[in-house]
Amino acid sequence: FSVVCTGIDSSFLSILLKNKIGLWQMIKMQSGTIFNHMNCIINFLSFSSEVLEAIENVIQEVLESLSKKKAPVLTVTRRSDWRNIEFKDSVGLQMIPYCTTKQIRSDCPRSAPKFALMLKILSMIYKMVQSNTYATKRDIYYSDTQLFGSQSVVDNIINDISCMLKIPRRSLHILSTTKGFVAGNLSYTEEDGTKVNCTCGATAVTVPSNVQGIKNLNSHAKFILIVEKDATFQRLLDDDFCIKLSPCIMITGRGIPDLNTRLLVRKLWDTFQIPVFTLMDADPHGVEIMCIYKYGSVSMSFEAHHLTVPSVKWLGLLPSDLKRLNICKDVLIPLTKQDQNKLASIQKRPYIACQPMWKKELEIMAASKMKAEIQALTSLSSDYLSRVYLPNKLQFGGWL
């Protein structure tokens with residue numbers, strides 16, 4: 001524990017550990033304010049004060065334990081435990097009010113390093129909220145790569161902190177690295193005043209890194225189309241799909257969506273209340289990604305209300321389309337053992353029970369033991385997707 005603590009800011013943890021009793025006495029003398037030793041004049045917005053207070057409460061509990069000569073612990077929710085998750089059709093996968101938890105102990109050789117790293121990141125968050133500055137998860141990792149060890153360690157701790165404090169990650173002034181793109185009939189103003197026009201052309205606009213801060217959203221789009229893959233997204237851009245049929249907004253998370261892409265889809269749906277369709281590969285991976293947009297994920301279920309879009313519809317590529325369109329068997333791909341396990345897992349999830357048509361499509365995939373990429377439609381014609389498939393689906397209601 002002490003070795004790991006050397007990477008933690010002295011004003012936050014080193015002083016805390018070296019002078020724990022004196023700090024506790026000082027805290028009691030100064031009406032319980034635990035960060036007066038920073039000698040900062042704090043001017044907060046109301047929510048920033050709440051974030052700081054939440055962090056201070058955690059540290060106060062640590063100090064109380066130290067003053068009583070007890071080993072401090074941090075209590076975090078078991079975020080990936082299905083026992084802590086419930087399904088609600090109007091929200092998706094959400095965390096239940098009373099969850100099973102685990103303790104990150106400072107006196108246990110296995111958990112002490114994580115305990116120290118959580119305090120380190122809490123100190124960084126505290127300073128960012130104070131100064132109204134932001135950092136990405138990668139910024140935090142690269143601030144001390146030797147201390148953190150890997151990006152995944154940082155990602156996991158940040159999610160644990162967000163869940164522990166019951167505060168959305170973006171309110172902790174931590175931004176995700178964006179990989180998604182958006183294009184089509186949409187304009188907005190970023191937090192710094194930059195005006196963005198996502199006109200449909202050869203290039204798309206990167207999803208903003210601070211979705212919460214964008215404003216003045218304007219669009220005449222009739223629907224939103226979420227596209228699984230970047231290659232398909234770019235092909236639709238090249239075919240001017242956004243304007244040929246009717247104005248629309250296209251978004252891609254380029255595979256499994258990052259947090260910002262999911263936040264943007266939710267913000268667009270909240271703002272414009274227009275239909276949201278998904279265009280995915282007809283395989284278990286594509287179905288999984290679609291379910292993340294619609295129902296959320298287990299690991300981020302504590303933020304379901306900000307991330308899920310329950311109205312999402314499955315537009316394609318449907319397993320039933322493969323037979324209906326007489327797709328050549330040469331372009332179909334056998335399901336791997338991993339695919340079959342993923343498919344079986346999805347079929348058991350609680351939200352599939354309330355989607356009988358989805359369930360039927362998954363049964364078709366399981367029975368055929370075949371999958372297909374969206375690109376399989378090019379076996380019919382090079383522009384079949386944008387010229388025939390999507391227009392017919394949208395015109396005649398071919399979604400589930």
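This is a short talk on one sheet, the helices on it, and a buried cysteine.

Good morning. The model is predicted, so confidence goes first. The chain averages a pLDDT of 82, and 88% of the residues score at least 70. Two stretches need care. Over residues 1-8 the pLDDT is below 50, and this stretch has 20 contacts beyond near neighbours in sequence. Residues 15-45 also stay under 50. For residues 15-45 the model has 46 contacts beyond four places in sequence.

Now the sheet. It is open, with 6 strands and mixed pairing. Read across, the order is 10-7-13-12-14-15. Strand 10, residues 205-206, and strand 15, residues 313-316, are the edges. Each pairs on one side only.

Look at strands 12 and 13. Strand 12 covers residues 223-227, and strand 13 covers 248-252. They pair in the parallel sense, over 5 bridges. Within that pair, I226 stands opposite I251 of strand 13. Helix 11, residues 259-272, packs on the sheet. Helix 11 touches strand 7, strand 12, strand 13 and strand 14. Its direction makes about 160° with that of strand 13.

Next, helix 17, residues 384-396. Helix 17 lies across strands 12, 14 and 15. Against strand 15 it runs at about 145°. Where does helix 17 bend? At L390, by about 25°. A proline, P391, follows within four residues.

Which residues of helix 17 are buried? The list is Y384, L385, S386, V388, Y389, L390, P391, K393 and L394. Note the lysine, K393, among the buried residues. As for what covers them, strands 12, 14 and 15 are included. So are helix 9 (230-238), helix 10 (241-244) and helix 14 (319-324). After helix 17 comes G397, with a positive phi near 70°.

Last stop, C198. It is found in the loop between strand 9, residues 195-197, and strand 10. Is C198 buried or exposed? Buried, because its relative accessible area is 0%, and the cut-off for buried is under 20%. What does C198 touch, leaving out residues up to four places away in sequence? The contacts are V182, A183, G184, N185, L186, Y188 and V205. V182, A183 and G184 fall within strand 7, residues 181-184, and V205 falls within edge strand 10. S187 is 11 residues from C198 along the chain, and their C-alpha atoms are separated by 5.9 Å.

That is the tour. Thank you.

Terms used:
Residues are numbered from 1 along each chain as its sequence is written. This is a predicted model: local features need pLDDT of at least 70, side-chain atom pairs count only at pLDDT 80 or more; totals for chains, interfaces and linings use all residues. Side-chain values use heavy atoms; hydrogens and water are left out. Two strands pair if DSSP finds at least two bridges between them. Helices (H or I, at least four residues) and strands (E, at least two) are DSSP runs, numbered from the N terminus. Contact means heavy atoms within 4.5 Å. Axes are lines fitted to C-alpha atoms, for helices over the stretch in contact, and angles run from 0 to 180 degrees between N-to-C directions. The bend at a residue is the angle between axes fitted to the seven residues ending there and the seven starting there. Buried means under 20% relative accessible area, exposed over 50%, partly exposed in between (1.4 Å probe, protein chains only). pLDDT is the predictor's confidence in each residue, from 0 to 100.
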